[in-house]
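User: I'm new to this one and would like to learn how to read it. Could you walk me through it, feature by feature?

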There are 2 protein chains.
Amino acid sequence: MERSAGAALALLLLRGFRTMVDDVSSGLAHRGHAGVRPADEFALRAVAEGADTASELARRLSVTKQAAAQRIAVLAQLGYVERDLDPADARRKRLRVTARGHEMMSIGGTLLDEVRERWAADIGPTRLADVEAHLTRLTAGTAIPVDDVDD
Amino acid sequence: MERSAGAALALLLLRGFRTMVDDVSSGLAHRGHAGVRPADEFALRAVAEGADTASELARRLSVTKQAAAQRIAVLAQLGYVERDLDPADARRKRLRVTARGHEMMSIGGTLLDEVRERWAADIGPTRLADVEAHLTRLTAGTAIPVDDVDD
DNA sequence: CCTGTTGGACAAGATTCTTGTCTAATCTAG
DNA sequence: CTAGATTAGACAAGAATCTTGTCCAACAGG
């Protein structure tokens with residue numbers, strides 16, 4: 001049989017992610033933030049953490065500028081970010097997370113934290129911290145290339 | 001700040017998954033299996049493990065029947081599965097993984113196993129096994145509903 | 001100033017889902 | 001045995017989210 005421990009591990013990671021975010025999407029929808037996809041929340045989080053231009057966001061998310069711009073357009077339409085002109089560079093549009101955006105991140109973060117708390121209660125906080133520490137180490141070297149590089 | 005440990009954990013899981021599969025896609029492409037997306041490999045694996053009809057595959061992958069059928073169409077076109085008539089039920093088409101399909105799974109599995117081996121070497125086999133055991137437990141209750149259910 | 005780089009936008013197309021509708025085959029009561 | 005419900009699969013249209021390709025305006029350095 002071609003059962004593969006590696007494949008099982010990959011599926012485990014994917015399922016872990018989906019278990020977390022599936023919970024959150026519906027939770028957000030029930031609290032006045034319908035139509036928010038997981039990708040939106042993480043993109044917004046990246047903006048809040050300093051990716052305040054489309055190009056920078058593209059680099060952080062490892063997608064093309066265009067994809068990032070489209071994501072930003074959605075976030076702007078939903079009222080989560082606003083685009084201000086940059087007085088220092090007329091090409092740039094500085095992204096600013098709105099109050100509503102902070103609220104959404106706060107709710108989403110809380111929901112994710114709740115899942116994590118449930119997990120901590122299940123296997124114990126120490127073990128969960130171990131899992132996190134190991135995953136952090138294993139994915140540390142993931143400096144993903146972007147856009148105009150062509151391998 | 002709305003930094004969220006839950007959000008960090010979700011990103012960690014996603015990054016772990018992507019770290020594994022990104023490696024594999026290019027590896028497969030260089031061995032005569034270009035155009036195989038990670039989703040294709042996992043879908044094929046599900047078929048090999050018993051999801052031998054479109055509807056059953058849909059249930060396992062937690063997508064609609066239509067999505068599964070489209071995935072199957074791709075797999076069939078790439079020569080990884082064949083659709084045989086089921087003598088016992090004329091509605092069904094039994095899916096069968098071809099030799100080429102087994103080959104692809106074998107290569108993909110090996111590549112995934114290699115990533116896993118590298119990880120085991122990095123943090124130690126015992127710790128990796130712990131991570132796997134914990135994730136298995138945490139995602140055990142994930143019986144994802146499908147298709148015609150409506151909350 | 002000229003040239004190369006960077007930030008952003010528009011358009012078109014590919015992928016991969018979805019919903020909606022349909023037919024045909026099977027199962028289950030009565 | 002047959003009427004109605006369920007199930008398997010398909011086709012079509014559309015939404016979401018990427019991509020490539022092209023373009024222009026603004027900056028930076030000689």
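**Reading the model step by step**

Analyst: Let's begin with one small spot: B:Ser62 sits in the loop between α3 and α4 of chain B. Keep in mind that this is a predicted model.

User: What is unusual about the backbone at B:Ser62?

Analyst: Look at phi, the backbone angle. B:Ser62 is not a glycine, yet its phi is positive, about 60 degrees. In the other chain, A:Ser62 also has a positive phi of about 60 degrees without being a glycine, and A:Ser62 lies in the loop between α3 and α4 of chain A.

User: Is B:Ser62 buried, exposed or partly exposed?

Analyst: For that, count neighbours: 20 or more other C-beta atoms within 10 Å means buried, 12 or fewer means exposed, and anything in between is partly exposed. B:Ser62 has 17 C-beta neighbours inside 10 Å, so it counts as partly exposed. A:Ser62 has 16 and is partly exposed as well. Now try B:Ser26 in helix α1 of chain B: with 12 neighbours inside 10 Å, B:Ser26 counts as exposed.

User: And where does A:Thr136 sit?

Analyst: A:Thr136 is in helix α6 of chain A, residues 125–138. It has 14 C-beta neighbours inside 10 Å, so it goes down as partly exposed. Sequence distance and spatial distance are separate things to read, too. A:Thr136 and A:Leu28 are 108 residues apart along the chain, with 27 Å between their C-alpha atoms. B:Ser26 and B:Leu12 are 14 residues apart in sequence, and their C-alpha atoms are 22 Å apart.

User: How many helices and strands does chain A have?

Analyst: Chain A has 6 helices and 2 strands. Starting at the N terminus, the order is α-α-α-α-β-β-α-α. Its C-alpha atoms fill a box of roughly 55 × 45 × 30 Å along the principal axes. Of its 151 residues, 38% are buried.

User: What should I look for in the inside of a protein?

Analyst: As a general idea, nonpolar side chains tend to be buried together in soluble globular proteins. Here the largest nonpolar core has 80 residues, and A:Leu44, A:Val47, B:Leu44 and B:Val47 touch the most other members. Leaving aside residues up to four places away in sequence, B:Val47 touches B:Asp52, B:Leu57, B:Val81, B:Leu95 and B:Val97.

User: How is chain B related to chain A?

Analyst: Try laying one copy over the other and see what movement that takes. Chain B superposes on chain A through a rotation of 179 degrees with 0.1 Å of shift along the axis, at an RMSD of 0.2 Å. That is the relation of a two-fold axis. Also, 100% of the interface residues of chain B are interface residues in chain A too, so the copies meet through the same surface.

User: How many residues does the contact take from each chain?

Analyst: It takes 41 residues from chain A and 41 residues from chain B. On the chain B side, α1 (5–29), α2 (38–48), α5 (99–123) and α6 (125–138) each supply at least two residues. α1(B) gives the most, with 15 residues. By class, that side of chain B divides into 20 nonpolar, 11 polar and 10 charged residues.

User: Which residues are closest to DNA strand C?

Analyst: The strand is surrounded by 21 residues, with A:Thr53, A:Ala54, B:Thr64, B:Ala67 and B:Ala90 the closest. Both chains take part: α3 (54–61) and α4 (65–77) of chain A, together with α4 (65–77) of chain B, each supply at least two residues of this surface. α4(B) gives the most, 5 residues. The classes here are 7 nonpolar, 6 polar and 8 charged.

User: And which are closest to DNA strand D?

Analyst: For DNA strand D, the closest of the 21 surrounding residues are A:Thr64, A:Ala67, A:Ala90, B:Thr53 and B:Ala54. The largest share of the surface near DNA strand D comes from α4(A), with 5 residues.

User: Where is pLDDT under 50 in chain A?

Analyst: Check residues 143–151 of chain A: pLDDT stays under 50 there, and the model has 7 contacts beyond four places in sequence for them. Chain A as a whole averages 88, and 91% of the residues score at least 70. Among its elements, helix α1 has the lowest mean pLDDT, 88, and strand β2 (residues 93–97) the highest, 96.

Definitions and conventions: Residues are numbered from 1 along each chain as its sequence is written. Chains are lettered from A and ligands numbered from 1 in the order in which they are written. Copies are superposed by least squares on the C-alpha atoms of residues with pLDDT of at least 70 in both. Two residues are in contact if their C-beta atoms, placed from the backbone, lie within 7 Å. A residue is near a molecule or strand if its C-beta atom, placed from the backbone, lies within 6 Å of it. Helices (H or I, at least four residues) and strands (E, at least two) are DSSP runs, numbered from the N terminus. Ala, Val, Leu, Ile, Met, Phe, Trp, Tyr, Cys and Pro count as nonpolar, Asp, Glu, Lys and Arg as charged, and the others, Gly among them, as polar. A nonpolar core is a set of buried Ala, Val, Leu, Ile, Met, Phe, Trp, Tyr and Cys residues joined through C-beta atoms within 7 Å. pLDDT is the predictor's confidence in each residue, from 0 to 100.
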